[in-house]
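Me: I want to go through some labels given to this model and ask what backs each one. Short answers, please.

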Amino acid sequence: MCRIVEDPGDERRLAAMQMLGFHRQWLGSNRGLERLLRWTRSEQDPEVGAAMVWALRQRDAVQEFLLHPISIIARESAL
């Protein structure tokens, strides 16, 4: 799934990120969390970015995206 998310040309990115966001065990390690933060910071697709922020729900790291210039990402981080 991570390879799909990391490939900006892959049309399955949104679905892959939604699955990763639902199954968040991989975020239990600092490595997984840092990977997701790196992806989210550079994401250009609003829907994929929102799915990335959704995966960060109930984590302090989500605060970083409250003032994100892409409104759907900022809104998702506020929820």
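Me: What makes the side chains of E6 and R35 a salt bridge?

Reply: This is a predicted model. In it, the N to O distance between the side chains of E6 and R35 is 3.1 Å. The cut-off is within 4 Å, so the pair counts as a salt bridge.

Me: Why is that pair said to tie together parts of the chain?

Reply: E6 belongs to helix α1 (residues 2–6) and R35 to helix α3 (residues 30–42), so the bridge joins parts 29 residues apart in sequence.

Me: Why is E6 called partly exposed?

Reply: Its relative accessible area is 38%. Partly exposed runs between 20% and 50%, so E6 falls in that class. R35, at 26%, is also partly exposed.

Me: How do you know that R13 forms a salt bridge with E43?

Reply: The closest N and O atoms of R13 and E43 are 2.5 Å apart. That is within 4 Å, so the label holds. R13 sits in helix α2 and E43 in the loop between α3 and α4, so this bridge connects parts 30 residues apart in sequence.

Me: Are R13 and E43 buried or exposed, and what does the label require?

Reply: Both R13 and E43 are buried. The label requires a relative accessible area under 20%.

Me: What makes E64 and R41 a salt bridge?

Reply: Their side chains meet at 2.6 Å, N to O. The limit is 4 Å, so this pair qualifies. E64 is in the loop between α4 and α5 (71–78), R41 is in helix α3, and the two are 23 residues apart.

Me: Why do E64 and R41 count as partly exposed?

Reply: E64 has 43% relative accessibility. R41 has 45%. Partly exposed lies between 20% and 50%, so both get that label.

Me: How many salt bridges are there by this rule?

Reply: The count is four. The pairs discussed here, E6 with R35, R13 with E43 and E64 with R41, are among them.

Me: Now the helices. At what angle do α2 and α4 pack?

Reply: Helix α2 (residues 13–22) and helix α4 (residues 46–55) pack at about 5°, with axes 8 Å apart. Angles under 35 degrees count as roughly parallel, so α2 is roughly parallel to α4.

Me: Which residues of α2 meet α4?

Reply: R13, L14, M17, Q18, G21 and F22 do; in α4 they meet E47, V48, A51, M52, W54 and A55. By class, this contact has eight nonpolar, two polar and two charged residues.

How values were computed
Residues are numbered from 1 along each chain as its sequence is written. This is a predicted model: local features need pLDDT of at least 70, side-chain atom pairs count only at pLDDT 80 or more; totals for chains, interfaces and linings use all residues. Side-chain values use heavy atoms; hydrogens and water are left out. Axes are lines fitted to C-alpha atoms, for helices over the stretch in contact, and angles run from 0 to 180 degrees between N-to-C directions. Helices (H or I, at least four residues) and strands (E, at least two) are DSSP runs, numbered from the N terminus. Angles under 35 degrees count as roughly parallel, over 145 as roughly antiparallel, 65 to 115 as roughly perpendicular and the rest as oblique. Contact means heavy atoms within 4.5 Å. Ala, Val, Leu, Ile, Met, Phe, Trp, Tyr, Cys and Pro count as nonpolar, Asp, Glu, Lys and Arg as charged, and the others, Gly among them, as polar. Buried means under 20% relative accessible area, exposed over 50%, partly exposed in between (1.4 Å probe, protein chains only).
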